[in-house]
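Here are a few exercises to work through with the model open beside you. Try each task before reading its solution.

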Amino acid sequence: MLARLNSHTHLSSRIWQASVSPVSIRTYSQAKFSHPRSHGKSFAHRSELKQAKRIVVKLGSAVVTRGDECGLALGRLASIVEQVAMLQNQGREMMIVTSGAVAFGKQRLRHEILLSQSVRQALHSGQNQLKEMSVPVLEARACAAAGQSGLMALYEAMFTQYSICTAQILVTNLDFHDEQKRRNLNSTLLELLRMNIVPIINTNDAVVPPPVPSSDMQGVISIKDNDSLAARLAVEMKVDLLIALSDVQGLYDSPPGTDDAKLIDIFYPGDQQSITYGTKSRVGIGGMEAKVKAALWALQGGSSVVIANGTDPKITGHVITDIVEGKKVGTFFSEVKPAGPTVEQQTEMARHAGRTLASLLPEQRGEIICSLAELLTEKKDEILSANRRDMEIATSSGRFSQALIDRLSLSTAKLNSLAIGLRQLAVSSRDSVGRVLRRTRVANNLELEQITVPIGVLLVIFESRPDCLPQVSALAIASGNALLLKGGKEASNTNRILHQLTQEALSIHGVTDAIQLVSTREEVEDLCRLDKIIDLIIPRGSSQLVRDIQRAAKGIPVLGHSEGVCHVYIDSEASIDKAVDIVRDSKCDYPAACNAMETLLIHRDLLRTPIFDQIIDMLRTEHVKIHAGPRFASYLTFSPSEVKSLRTEYGDLECCIEVVDSMEEAVDHIHKYGSSHTDVIVTDNEETAAQFLQQVDSACVFWNSSSRFADGYRFGLGAEVGISTARIHARGPVGLEGLLTTKWVLRGEGHTVADFSEHGSMKYLHENIPVPQGSFS
């Protein structure tokens with residue numbers, strides 16, 4: 001490798017040559033992004049960064065340099081090259097502005113100096129024992145001269161692994177001020193990009209003079225460092241996106257590392273006065289102030305900019321691709337300031353108002369919920385009008401399944417049912433926050449209480465289902481929790497008016513901000529990363545949505561279920577009428593619901609009996625498509641289509657039928673293929689039913705009743721935020737109790753642990769004190 005690095009030819013700052021590896025060159029016309037966007041205006045939102053075709057990645061000295069500032073961070077650099085290669089192979093036009101020549105040269109020169117000193121000492125002394133050798137301070141320009149060729153050879157070797165060619169370009173400030181050189185540079189870069197070559201660009205630090213303060217020309221940024229070079233290049237080349245990687249996460253509202261420092265997600269040109277700059281990084285000649293100045297200049301020139309951390313091992317492997325995918329990484333520079341607050345500001349507003357909400361009297365929280373119930377009936381015409389608009393848009397788009405459209409629909413009956421449930425909840429909310437669960441006399445004059453308290457800030461993400469908004473809002477109010485709501489675009493009009501009515505109800509006790517509707521372009525995955533300000537995520541929607549959220553949530557608990565594969569087992573001793581009615585209701589009442597039957601298990605003895613025939617006739621009459629399980633199919637000469645998977649949640653007028661030999665086999669089938677949601681047995685044998693109820697390990701287990709009863713309203717909870725199949729905290733329909741946690745309150749009179757030591761004067765009593773019904777702390 002050393003021989004290869006030394007053999008690489010150093011390139012002049014005046015000549016831009018392509019270092020082409022012996023691989024085939026993919027032509028521009030083959031690129032995935034065949035039509036670059038018109039340049040002149042930067043992207044307004046992160047989500048638009050996916051459209052970026054021409055991208056500059058600027059690698060700061062702290063990113064490419066090792067911690068000892070002598071040599072390169074090869075593992076980190078290899079990861080960055082892999083991401084750039086991936087984006088290049090997608091058809092994007094990638095350019096790299098890199099530091100590192102000085103560090104690479106310093107490593108080589110130190111090695112040469114130490115080697116030279118050791119040889120001279122050995123010759124002079126004539127013995128192997130050498131005196132301690134010291135390395136003189138190395139001049140940066142000399143280090144750059146020694147390191148440029150090796151740095152380029154390293155990039156070339158790394159990109160060759162991905163069949164990508166590279167070219168080195170060295171520039172100085174003079175190359176941008178000379179019009180002919182500027183045209184040459186532009187022409188060279190365009191030709192390299194056309195040939196699918198990645199230009200590796202750097203300031204020619206071997207000859208560049210020290211930066212002169214305030215040397216910017218009118219309207220033009222001066223090339224003082226690689227930050228200004230990247231910005232100048234972005235504007236000259238009409239780049240869509242400039243990614244500046246450094247050793248900090250992005251911009252902070254105060255110096256990073258201080259207690260109150262918060263990462264700024266989006267930075268606007270008018271916000272310069274609101275930030276304080278910290279110290280410069282350990283290497284390099286720029287600093288955050290230089291990066292911000294360069295970023296704003298590039299933004300003004302029409303290029304979007306993101307400043308992010310390129311040294312954090314947790315994100316380095318995907319930081320560039322995450323930024324291009326629009327994920328919330330680093331600080332995004334935007335010229336378009338949204339009219340409303342950011343999601344972080346909304347969360348802080350909700351948390352602050354939520355604490356006030358929790359401190360209200362139970363009767364006051366009940367009044368808010370009753371007010372919301374009244375508004376749902378009073379404003380039903382406005383609500384239904386907004387819902388019709390959403391339905392029309394969803395239907396005409398052709399992008400939504402019928403099951404999703406059914407969930408989107410509201411009716412007068414649904415609104416009335418919601419209002420009734422909310423009024424029930426208002427009554428039960430009087431026995432929620434601050435309720436004493438346990439009281440213990442620890443010692444004389446030392447009493448301990450365990451009391452119920454809100455969880456904190458809830459994030460509820462829901463698809464369609466606009467009726468979910470008032471339900472969840474009422475539960476948050478009853479439990480004293482702050483709430484962040486993220487609904488689907490398909491229900492935006494309905495959600496907007498329902499949220500307005502919710503805030504109107506909250507205003508009667510001055511806690512309007514306790515419930516916030518996220519209307520910005522926040523990706524669900526980004527919301528799931530707000531682990532410092534959100535305490536619990538509750539997804540309501542498809543199994544895919546729930547699974548995506550469970551995967552994306554890092555450090556935030558997720559309450560919910562990914563699937564509703566519910567079973568109804570018809571035992572050999574089942575009543576015909578009960579069996580037919582329960583199967584019909586479980587499957588056909590609302591097929592899109594998560595508590596609808598998806599698999600019908602039938603005891604083998606019932607095949608070719610009247611009960612079996614009546615169930616099949618009923619399903620055909622209701623237009624239910626039947627899929628045969630493997631055993632059921634084996635009994636039939638002409639069977640329905642065999643099921644692809646016994647774990648399928650159809651969410652429509654479809655179900656699977658399978659045969660089992662016994663109740664025990666039905667239980668085994670449920671445990672193997674079910675989702676621990678809701679499972680039913682239909683039988684007149686009490687002993688069999690008791691065994692089923694005891695053995696099935698699901699959130700809801702029913703005997704001779706429809707699976708559709710698995711619902712907070714039907715259970716008398718007033719409302720629910722969803723059904724949980726988790727094994728801890730809340731399980732089944734999650735109502736008011738599931739949104740509370742506890743805290744311990746200890747009241748003493750100067751007690752210390754030392755009082756209870758071997759030689760202390762006090763003894764533990766640990767006496768349980770009876771807690772009267774409805775006691776509050």
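**Exercise 1.** What percentage of the 777 residues of the protein chain count as buried?

*Solution.* Keep in mind that this is a predicted model. Step one is to apply the cut-off: a residue is buried under 20% relative accessible area. Step two is to read off the share, which is 53% of the 777 residues. For the surface, the chain exposes about 35000 Å², and carbon and sulfur atoms supply 50% of that area.

**Exercise 2.** Find the open sheet with the order S24-S11-S10-S25 and work out which strands stand at its edges.

*Solution.* Start with the order: the sheet has four strands, and their pairing is antiparallel. Next, look at the partners: S24 (740-747) and S25 (767-768) each have a single partner strand, so one side of each has no neighbour in the sheet. Now zoom in on one of the pairs: S10 (residues 436-443) joins S25 through two bridges in the antiparallel sense. Within this pair, arginine 441 has glutamate 767 of S25 as its bridge partner.

**Exercise 3.** Is proline 341 buried, partly exposed or exposed, and which residues beyond its neighbours within four places in sequence does it contact?

*Solution.* First locate proline 341: it sits in the loop between strand S9 (331-333) and helix H11 (343-359). Its relative accessibility is 31%, so proline 341 counts as partly exposed. Then list the contacts outside those neighbours: Gln346, Met349 and Thr520. Finally, compare positions along the chain: valine 518 is 177 residues away from proline 341, yet their C-alpha atoms are separated by 9.5 Å.

Conventions. Residues numbered from 1 in each chain as written. Predicted model: local features only at pLDDT ≥ 70, side-chain atom pairs only at ≥ 80, totals over all residues. Heavy atoms only, no water. Buried < 20%, exposed > 50% of the residue type's maximum accessible area, 1.4 Å probe, protein only. Areas by Shrake-Rupley, 256 points an atom, 1.4 Å probe, with all protein chains shown as cover. Pairing = 2+ DSSP bridges.
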